[in-house]
Every structure is written in structure tokens, then in C-alpha cells.
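Me: I'd like to learn how to read a sheet and its packing from a model. Can you walk me through one?

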Amino acid sequence: MTRIATSPDLHLDRPAAMRPLFKSSELQADFDRDGYVVVPFLDADEVAALNAHYASLNHDHATSQGFHVSLDSTDRAFKRATMDKLQQAARARIDQVFDRARIFVASYVVKEPGPRGIVPPHQDWTFVDESRFVSCTVWIPLARTTVDNGALGVISGSHRLFDHARASPSPQCPTPIGDLMFQIFPFLAIKEMEAGQALIFNNRTLHGSPPNLSEVARVAVGIGVTHEEADLRHHYLLPGASRSRSSATRSSRNSSTSTAIPRCRSSTTRVDGPRAKPPLG
Ligand SMILES: O=C(O)CCC(=O)C(=O)O
């Protein structure tokens, strides 16, 4: 397992004000330490039902190569129906694993066959006030995943490295990792998983996946979960904002990114999730 040694200064334990999100104190301790856990999640019938549902969909946004997610679709009704279906399929198990959890987004996350489908190590966007709440992604493959067909990998402990607002869109909003994302790929610990298991990772945790070199699409489900009482908070570029007009928070800059000056602002809502799921970030 790849584990990062963090300096004491960067060691961000779960804040005292944050209540546990997992029902099991062991899972909570593993999640706090490593930034992820792997648990059994859906049974074979539930996996088969979701595979059949995925096959029945008309993914007009899907690319023939690489990575795509249901939330890439521009059809709001399609996205809503997909989210509803996935929430319904996962709700009972979410309530067994988590203590009073809110699902705020759900999508199929698909990697088509082909050498171009790498998802470089990245963190997912900020969805909540992380001084009080945590958001995580429940990533469930609908078939066995291996290093050859795009299994997900994580860098253990990496949720403790940075404490910045992770804004959308990607890649226009710079991140502390910046262009190093490809160089740190070898540090991912790829998690080979059985269909129906879940890799639950803190959205701060660096994660990514190798290309799918098999002959069939790798279909997984990604479900965004946070504390039930958390308001959603998201930071995003303000389209068209000029330097003088914007009073919004400025995100950190990376000298190797474009000349555009990124400006981010945050919004809080209890009603809708963020408009788009990144590779969920
Ligand atoms: O499914 C993958 O390969 C990547 C998923 C991902 O990056 C995410 O869920 O945030």
C-alpha cells in the first residue's frame, strides 16, 4: 500500500466539531487515517439490476474512448432520472454504512476501452464546509475491476496534504498538484475490486485510474455522500468576471496554467447538487 508521510503541520485530523459519518467506529478510524475504505456494498442481484439499467440507457453524451459520466449529459431529465435510480438502488445500504447521510449526487462513471482513458490523480471538488463536514464518493464497480480495465487507485493519507477550496471547472481552476498529476500516477495504490464492493473515499483524497485495456466498458457508480445536516457549498469560476469587478475569492495560482485569472466564488444551497460531477472533481 502506498502511504504518504505527512508533516505534523499538515496532519489534519477530523475536526473535533465533526461528528462521525460512519456507523462503525473501525471504518471511521480507517477512513480518518487513510482517506478511504473498501466495503461490501451491493449484492449480485443489485449489481445485475444496475447493469441492466445502464444497458437500457441512451447515453448520447458518451464518448467512444476514455472516461465519461452520466452527468456529462446536457439532458436534465436524463440526469435526474439516473440520479433517482442510483439513489434508490443505494439508499438502504448507505443507511447501513453511514450515520444520517445525505446523498447529493449520483452518476454512472464509465471508462470505455482504449489507451487514452487515463484519469490522472486528482482531488474531487469541495462540496461542503470541510471544517464541519466531510464529503465522500462511494465508488462501486459493476464488474470486477483490475489494473487492466481501469480499477480505481488512491494515495493513502493524501486527504491530509492540502487544505484549499477545490473549485470547478476542472482543469481551469488550478490545484496544488497542477501538472505534477501525471508524475504522481505511480504512487496510486490501484484497488482491484469485485463487482458490488465500494471504495468510499474522502473527496480530498488523491485518486485516479489507469486506462481500460480490456474490450468492454468498465461501468461503475459514483455516489456523493455527506452529513445529512450539511449545506452544500461549491466554489466555481465566475464566468466573465474581470479583476476589478470581482470580489470573489481568488483561488491559488499555478504559474504553468493559462493566462486567465481564475476567480472563484462559493455558493451554498440545500436543494440542488452541483451542476456537474467532475471525474468527480
Ligand atoms: O471512475 C474512474 O475511473 C475515476 C472516478 C473518479 O475520479 C471519481 O469518481 O471522482
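Reply: Sure, and bear in mind that this is a predicted model. In general, strands of a sheet pair through backbone hydrogen bonds, either parallel or antiparallel. Here 6 strands make an open sheet, ordered S1-S8-S5-S10-S3-S2, with antiparallel pairing.

Me: Which strands stand at the edges?

Reply: Those are S1 (36-40) and S2 (67-69); each has a single partner strand, so one side of each is left without a neighbour in the sheet. From one strand to the next, the twist averages 25°.

Me: How many bridges join S5 to S8?

Reply: Count 4 between S5 (residues 135-141) and S8 (residues 197-202), an antiparallel pair. To find your place in it, look for Val 138, which sits opposite Ile 200 in S8.

Me: Which strands do helices H1 and H3 lie across?

Reply: Take them one by one. H1 (residues 25-34) lies across S1 and S8, at about 145° to S1. H3 (residues 76-97) lies across S1, S3 (101-111), S5 and S10 (218-227), and runs at about 120° to S3.

Me: And the core: which residues touch the most other members?

Reply: The largest nonpolar core has 58 residues, and the ones touching the most other members are Val 138, Trp 139, Ile 140, Leu 142, Leu 199, Ile 200 and Val 221. So you meet Val 138 and Ile 200 again, the pair standing opposite each other. Elements giving two or more residues include H2 (44-56), H3 and S11 (232-237), while S3 gives the most, with 7 residues.

Me: What is Leu 199 in contact with, leaving aside neighbours within four places in sequence?

Reply: Its contacts are Tyr 36, Val 38, Trp 139, Leu 152, Lys 191 and Met 193.

Methods: Residues numbered from 1 in each chain as written. Predicted model: local features only at pLDDT ≥ 70, side-chain atom pairs only at ≥ 80, totals over all residues. Pairing = 2+ DSSP bridges. Axes fitted to C-alpha atoms, helices over the stretch in contact; angles between N-to-C directions. Contact = placed C-beta atoms within 7 Å. Core = buried A, V, L, I, M, F, W, Y, C linked by C-beta atoms within 7 Å. Buried ≥ 20, exposed ≤ 12 C-beta atoms within 10 Å, placed from the backbone.
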